[in-house]
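Please look through the following structure slowly, keeping the sequence beside it. The paragraphs below take up a few places in turn, and each can be found by its residue numbers.

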Amino acid sequence: MAKKKEFKQQKVNFKIRGIITRLGDRGYKEDDNGMWHRLRFGVKTSKTNEVPVELFGYKGDAYYWSKKEGKTYKHDYDNRYDKPKGVDDAHLIGTQINTTGTKEGAKNLHSYDAVTAILEDFADGDSVQITGNIEYNTYEKEGKTVVQSSYSIGRITKFSEPIDFDHKSFKEVSAFDATLMFMDIDKVEEDGEKYFEVTSRIITKKDGTYVDTEFQIPEHKVKMSKAFKKNLKWGDEIKVKGYIRNEAIEAEVEVEEEDEWGSEEVAGYGKPIVEYKRSLDIAQFDQDYWKEGDKENGVAKGKGKYTEEDFEVDEFNEADAIDFDDEEDDWA
């Protein structure tokens, strides 16, 4: 039997800077038994772009990481803030909360406590910077696999100086940094929009579990789209950076026909609806990673890294099956 492919988890990191919106009870949910709670809210990164973020907190074990020892230490929930004895550099793997924007104001919390801290110490209108990971999960609906993504908070920092979208020095920060597996690229034209859709595979676990999802290359980046189509092959691992787009588009619902009273909608007083244009737009491609890998960290080149066979599920071998009709108990 051929050796099983060794997988390395791929990540999509994000960084946004903006103003908190919709923080409060509406985006809060908790377990009836008090074992977990979750918080969701938005961050406006410009006048039109708003990124939804969330944090899930569970009353589970706490983990500490020591770079010097190269190992992880586990503590139960009740002792979550007790550092491992004799391990000076151990730090809690959790969520960093910073309410002052200074080094002294940063505190690392267990995720369950971090949800409470954000509710207590932050509010709508606060200017913040948030970093974290885009997490993916799937579910089946009407015979199709649906991929969902969530922007999980890893670090949140409040600024004392408010962000002003109208200031001449304002520069939007709504970005992602991803390692993923390239599958295909196609030109898409829909609803008057044109762009290049990059179908990608993201390996979410070391056992090879993955989700397939899409990124975009904007229409104007013709040079990049041509380079992708010409040079990249199915299975290449690539590193890209780009922009998170979740732009609100407001429109009015116009009723063309009269109702039973002969009434019709009057322009300017229609029912407003808001739709969102959501995409992850690739703006930068790491050629060195694709060609050479990351030698410093022992990562092989991305070009030709995976094949379709790597993701095939092993066929069931009848000779390896346990005969449950055997009268003798092999485990006795």
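In this predicted model, Phe-56 touches several residues that are not its close neighbours in sequence: leaving aside those within four places, Phe-56 is in contact with Trp-36, His-37, Arg-38, Ser-111 and Val-115. Phe-56 itself belongs to strand 4, and between Phe-56 and Ile-153 there are 8.8 Å in space, C-alpha to C-alpha, although the two are 97 residues apart in sequence. With a relative accessible area of 42%, Phe-56 counts as partly exposed, because that value falls between the limits of 20% for buried and 50% for exposed. Together with Met-35 and Tyr-58, Phe-56 makes a nonpolar surface patch of about 280 Å². Met-35 is found in the loop between strand 2 and strand 3, and its relative accessible area of 32% makes Met-35 partly exposed as well.

One of the contacts of Phe-56, Val-115, leads on to helix 1, which spans residues 111-121 and in which Tyr-112, Asp-113, Ala-114, Val-115, Ala-117 and Ile-118 are buried. Which strands help to cover the buried residues of helix 1? The cover includes strand 2, strand 3, strand 4, strand 8, strand 9 and strand 11.

Two loops deserve a look for their backbone angles. Most residues other than glycine have a negative phi, whereas phi of Arg-22 is near 55°, a positive value, and phi of Glu-142 is likewise near 55°. Arg-22 lies in the loop between strand 1 and strand 2 and is partly exposed, at 48% relative accessibility, while Glu-142 lies in the loop between strand 10 and strand 11 and is exposed, at 75%.

Aromatic rings give another way to follow the chain, and the count comes to 13 aromatic pairs. Among them, Phe-165 and Phe-170 are arranged edge-to-face, with 5.2 Å from centre to centre and 70° between the planes. Phe-182 and Phe-228 also form an edge-to-face pair, at 6.2 Å centre to centre and 75° between the planes. This second pair links distant parts of the chain, since Phe-182 is in strand 12 and Phe-228 is in helix 2, 46 residues apart, and both Phe-182 and Phe-228 are buried.

A further group of rings, made of Phe-7, Tyr-210, Trp-234, Tyr-306 and Phe-311, forms one aromatic cluster. Over the ring of Tyr-210 sits the charged end of Arg-201, 3.8 Å from the ring centre, and elsewhere the charged end of Lys-158 sits over the ring of Phe-122, 5.0 Å from its centre.

Notes: Residues are numbered from 1 along each chain as its sequence is written. This is a predicted model: local features need pLDDT of at least 70, side-chain atom pairs count only at pLDDT 80 or more; totals for chains, interfaces and linings use all residues. Side-chain values use heavy atoms; hydrogens and water are left out. Buried means under 20% relative accessible area, exposed over 50%, partly exposed in between (1.4 Å probe, protein chains only). Helices (H or I, at least four residues) and strands (E, at least two) are DSSP runs, numbered from the N terminus. Contact means heavy atoms within 4.5 Å. Patches are made of residues with over 30% relative accessible area and no salt bridge: like charges are joined within 9 Å, nonpolar side chains (Val, Leu, Ile, Met, Phe, Trp, Tyr) within 5 Å. Accessible areas come from the Shrake-Rupley method with a 1.4 Å probe; for residues, only the protein chains shown count as cover. A salt bridge is a side-chain nitrogen of Lys or Arg within 4 Å of a carboxyl oxygen of Asp or Glu. Rings of Phe, Tyr and Trp (its six-membered ring) pair if their centres lie within 6.5 Å; planes under 30 degrees apart count as stacked, over 60 as edge-to-face and the rest as tilted. A charge sits over a ring if NZ of Lys or CZ of Arg is within 6 Å of the ring centre and within 35 degrees of the ring normal.
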